Amino acid sequence: MAETIPAGSTTDGVIQVGQPTDARVSAPASYDVADFPVPHGREEDWRFTPLERLRGLHDGTAVADGGVKVEVTAPEGVTVETVGRDDARLGKAGKPVDRVAAQAYSSFEKASVVSVPKETVLTEPVRIAVHGEGGTAFGHQVIEVGAFAEAVVVIDHTGDATVAANVEYLIGDGAKLTVVSVQDWDDTAVHVGQHTALVGRDATFKSVVVTFGGDLVRLHPRVVYGAPGGEAELYGLYFTDNGQHQEHRLFIDHDTPHCRSNVAYKGALQGQEAHAVWIGDVLIRAAAEGTDTYELNRNLVLTDGARVDSVPNLEIETGEIVGAGHASATGRFEDEQLFYLMARGIPADEARRLVVRGFFAELVQQIGLPELEERLIAKIEAELEASVG
């Protein structure tokens, strides 16, 4: 298990790692906004988030006066529906766990449901384009994959809006679902979302979260297990630029025996007041014998003026596990790396790109879609071209 730095301490002024605390959220999960107090920034769940930049999503003052256009392109056999609030599939993966998620759940009018029938193996991905058209909007999506089915879903967020949304993944017994969620918003967008996966017996869930755009993005990926044998892999990469706040708060609830989880998130930061937050909470409950879990966060700081807060939390209530551990590290861009490459005839700008590209390569390859991988690599290189330092 990685060394843990006492709460409140820093390493090179760029990383803060707290002692593991209770991985449960501070308020019980609920669909009712009134069950969650208005956060003031002193709460553990909100202490890193600049509340004034949420545009009222957290305190009830945000009004749904905008629009988000959702377009789904799906292979034959996939069902795409727009449903009302009374649909039985809504909320099946889990309840909202904070006030913004509860606000989103109580405020959306129609939900999008994508269903892959049991035993169906898709050869092409389902593509969901979410485009902000200004103003404030609340949304809800459900991705349902039947027993022994296999699917890849790409959710692409673009445009400008203030959005609070919940996404549910229902993975049937023996099914395999890969979801790639790309946050490529305009620089002025705000996006707060809870992603909850319910993993069935012997099912496999892979999540790849990619965050580039937005003024503020705060995502809360969560995994719960419905039966033994479930596996979850959560990967993420983020590139935080001037003034951006990007926050990823993960929670894996091992409450079922013989399940596995693996988490690996990597981020790069550059520019003044670039702020990335990664919280990795893993709870192994007393009943979850045979659990195998590991979580990793790595950050690369490219310039002065950027800040990272990385907090891995691991709580174990049973000793009958296969393995459990976590690691977190943040480092600055090393001049020695550039010198090594430049000494071999590689120009400085190209050397810089090679180092960052290599840093992200392992996670980009997890996507498994060449055209999307190429797009993301191009986006990373475009960010580097605009580097302030």
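**Group meeting: pockets, a buried glutamate and some salt bridges**

Okay, let's start with F138, which sits in strand β4. Before I go on, keep in mind that this is a predicted model. F138 counts as buried, because its relative accessibility is 14%, under the 20% cut-off. If you look across from there, A165 is 27 residues away in sequence, yet the two C-alpha atoms are 5.5 Å apart.

Now, the pocket. The largest one holds about 560 Å³ of space. There are 27 lining residues, and F138 is in the group closest to the centre, along with V68, V70, K110 and G139. Which elements give two or more residues to that lining? They are β1 (68–73), β2 (79–83), β3 (111–116), β4 (126–145) and β5 (150–171). β4 contributes the most, seven residues. As for the chemistry, the lining splits into 13 nonpolar, 11 polar and three charged residues.

On to the closed spaces. Searching the whole structure turns up five cavities of 30 Å³ or more, and the largest of those has a volume of about 80 Å³. Thirteen is the count for its lining, with Y169, H195, F205, S207 and P221 nearest the centre. Here the elements giving two or more residues are β6 (176–183), β8 (204–211) and β9 (216–225). β8 has the largest share, four residues. By class we get nine nonpolar, three polar and one charged.

Next, a residue I'd like you to find on the screen: E168, in strand β5. E168 is buried and makes no salt bridge. So what is the nearest side chain of opposite charge, and how far away is it? That's K92, at 9.0 Å. What E168 does have is polar company: its side chain makes a 2.6 Å polar contact with the side chain of H140. A polar atom of the E168 side chain also lies 2.6 Å from the backbone nitrogen of G91.

That brings me to salt bridges, and the structure holds 21 of them. Take E81 and R89 for a start, with their closest N and O atoms 3.0 Å apart. E81 is partly exposed, at 27% relative accessible area, while R89 is buried, at 16%.

Then there's D184 with K379, at 3.3 Å between the closest N and O atoms. D184 is in the loop between β6 and β7 (190–199) and K379 is in helix α4 (residues 370–385), so this pair ties together parts that are 195 residues apart in sequence. D184 is buried at 17% relative accessible area, and K379 is partly exposed at 29%.

One more pair: R260 and E231 meet in a salt bridge of 3.1 Å, N to O. This one goes from strand β12 (residues 260–269) to strand β10 (residues 231–240), so it ties together parts 29 residues apart in sequence. Both ends are partly exposed, R260 at 25% and E231 at 31%. There's a network as well: D45, D98, R218, E247 and R249 are joined by salt bridges that share partners.

Last stop is G319, in the loop between β15 (307–316) and β16 (323–332). Is G319 buried or exposed? Exposed, because its relative accessibility is 69%, over the 50% cut-off. Its C-alpha is 8.5 Å from that of A286, 33 residues away along the chain.

That's my tour, thanks.

Note on methods
Residues are numbered from 1 along each chain as its sequence is written. This is a predicted model: local features need pLDDT of at least 70, side-chain atom pairs count only at pLDDT 80 or more; totals for chains, interfaces and linings use all residues. Side-chain values use heavy atoms; hydrogens and water are left out. On a 1 Å grid over the protein atoms alone, a cavity is a set of points where a 1.4 Å probe fits but cannot get out, and a pocket is an open set with protein on both sides within 12 Å along at least five of seven lines; lining residues have an atom within 4 Å of a point. Grid points are joined across faces, edges and corners, and a volume is the space filled by probe spheres set on the points. Ala, Val, Leu, Ile, Met, Phe, Trp, Tyr, Cys and Pro count as nonpolar, Asp, Glu, Lys and Arg as charged, and the others, Gly among them, as polar. Buried means under 20% relative accessible area, exposed over 50%, partly exposed in between (1.4 Å probe, protein chains only). Lys and Arg count as positive and Asp and Glu as negative; His and the chain ends are not counted. A salt bridge is a side-chain nitrogen of Lys or Arg within 4 Å of a carboxyl oxygen of Asp or Glu. A polar contact is a pair of N or O atoms within 3.5 Å; within protein, one must be able to donate a hydrogen and the other to accept it, and residues adjacent in sequence count only if both atoms are side-chain atoms.
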